[in-house]
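Colleague: Before I plan anything at the bench, take me through the model.

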Amino acid sequence: MATMKLKKLQYELEDIETFENPKIELEQYTTSSHIAACILHTAQFVYDDIKDKMVADLGCGSGVLCIGAALLNAKLCTGFDIDPSAIKLSVENAADRNVSERCEFVLCDVKTIYTSIKSKSFDTVIMNPPFGTRLKGADLIFLKMALNLATKAVYSLHKTSTRKYVMDTAKRMGVYSKVIAELRFDLPASYKFHKKDSLDVQVDLIRFVLPGEEQ
Amino acid sequence: MKLLTHNLLSSKCLKGVKVGYPLRIVAKDVKISESEYNMEFVLKMIPKLDWKVLVNAAEQIGHGNNLPIELIEDYEDDEELLKKIHHVLMEVEVINGELICPETQRIFPISAGIPNLLLNEDEVS
Ligand SMILES: C[S@@+](CC[C@H](N)C(=O)[O-])C[C@H]1O[C@@H](n2cnc3c(N)ncnc32)[C@H](O)[C@@H]1O
C-alpha cells in the first residue's frame, strides 16, 4: 500500500458517490478521481506529506480527498464540511472504501473554524475550496484557515486567474508557495451564469509551505 | 468522534464564550475501533495534547484505562503506556452523545460519530 501506484489510487477513487442535489451556493462539486489521485500522489511521493500524518480536508464534500489520503496511509484524515448531507456522503464513501477507521468527519463552518479547532493541529491540509464565485473571498478565507491548522503544508486548488493575488497573500503571511500543477477543471454549468453544459476553468494546484518547513 | 479530535475542539465560536475548553462529553454509545499502533505517531502527538483533558475525557466516557493523571516524565520509554495512549486517542470513539460548552452549557450533538459544531447565526461571536 505504501507505494500505491497513481493508477491504482485513481481506480480506487473512481465512482465515488457524489452530491445528489448539489447546493450551488456552497459550490458543491466533486474533484475528479484523476485530479484527486494526482494531488494526493504528488503530496505523498514527492513531498512525503500524507503517510502517518494528521491530515485535514476543509470542505470535504463527498470525501474523495479524505478517502484518498486514508488510502495512502494518512494516520488520520479529518474532513470538515458545513453541509450535513455532504458529511453523510463522506461517511458512506469512506465506509465503502474501507477507510472509516482512518477518517474522521466534523460538521462545522470552515469560515470560523479557528474558533472551534485548536490551531496547528494537523500536519497537512488538502482541499478543494469554493473558488469564491458565490461567496466572494471564500477561497482566501479557506486558505487562511488551512494555514492556521497546518504545521507543514497546504495543498489547495485556485483559479489560475487569481494566482498572483493568492500567492501574494501567502507571501505576506510569510508562507512560501509554488504552483505544482496546472489543471483544467470541468465545472458544471450551474456554477457559472452560463448556457453551455459545462465550462472548462484553468485551475492551479498550489502547495503552500509553512514557515520553517522544507520547501 | 475519536478522543484525539475531542482534545482539539472548543466552543469559543459561541458569542460571549472566553475559553470554551474543554468540552464536557456525555456519551450514549461508545465504540472501540481498530487503529494500527505507531509509536512515532504517538510520540509526536503527546506534546500537542492537553494531557489532563484527554484523561478526563476518557474517564467521562468510561474508558479511563488507568491513564496517569500527570504524564510521567520518561513516557518515551514506557511502551505499555504509549500503547494505552494510542488506544484512548485513536480507538475509543463516541458514536452518539453530546459535547457541552463549559461556560454556556450549549449542547453540540454527536450523532453517528459526527460532532455537529454548527451554530445558529445569532450564536456566532
Ligand atoms: C468544491 S467542493 C469540494 C468537495 C470535495 N472536497 C472534493 O474535492 O470533491 C467545496 C465543498 O466545500 C463545502 N463548503 C462550502 N462552504 C463551506 C463552509 N463555509 N464551511 C465548510 N464547508 C463549506 C461545500 O459543502 C463543498 O462540499
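Modeller: Contact here means heavy atoms within 4.5 Å. The model is predicted: local features need pLDDT of at least 70, side-chain atom pairs count only at pLDDT 80 or more, and totals for chains, interfaces and linings use all residues. Residues are numbered from 1 along each chain, chains are lettered from A in the order written, and side-chain values use heavy atoms, without hydrogens and water.

Colleague: Is H158(A) buried or exposed?

Modeller: H158(A) lies in strand β5 (150–159) of chain A; strands are DSSP E runs of at least two residues, helices H or I runs of at least four, numbered from the N terminus. H158(A) touches P129(A), D139(A), L143(A) and F208(A), among others beyond four places in sequence. Buried means under 20% relative accessible area, exposed over 50%, partly exposed in between (1.4 Å probe, protein chains only). The value for H158(A) is 0%, so H158(A) is buried.

Colleague: Which helix gives the largest share of the largest nonpolar core?

Modeller: A nonpolar core is a set of buried Ala, Val, Leu, Ile, Met, Phe, Trp, Tyr and Cys residues joined through side-chain atoms within 4.5 Å. The largest has 63 residues, and V154(A) is one of those with the most contacts inside it. V154(A) is in contact with residues including L143(A), A146(A) and L147(A). The largest share, 7 residues, comes from helix α5 (138–149) of chain A.

Colleague: Why do β1 and β4 of chain B each have one side without a neighbour in the sheet?

Modeller: The open antiparallel sheet runs β1-β2-β3-β4 in chain B, where strands pair if DSSP finds at least two bridges between them. β1 (24–32) and β4 (114–115) of chain B stand at the edges, so each has a single partner strand.
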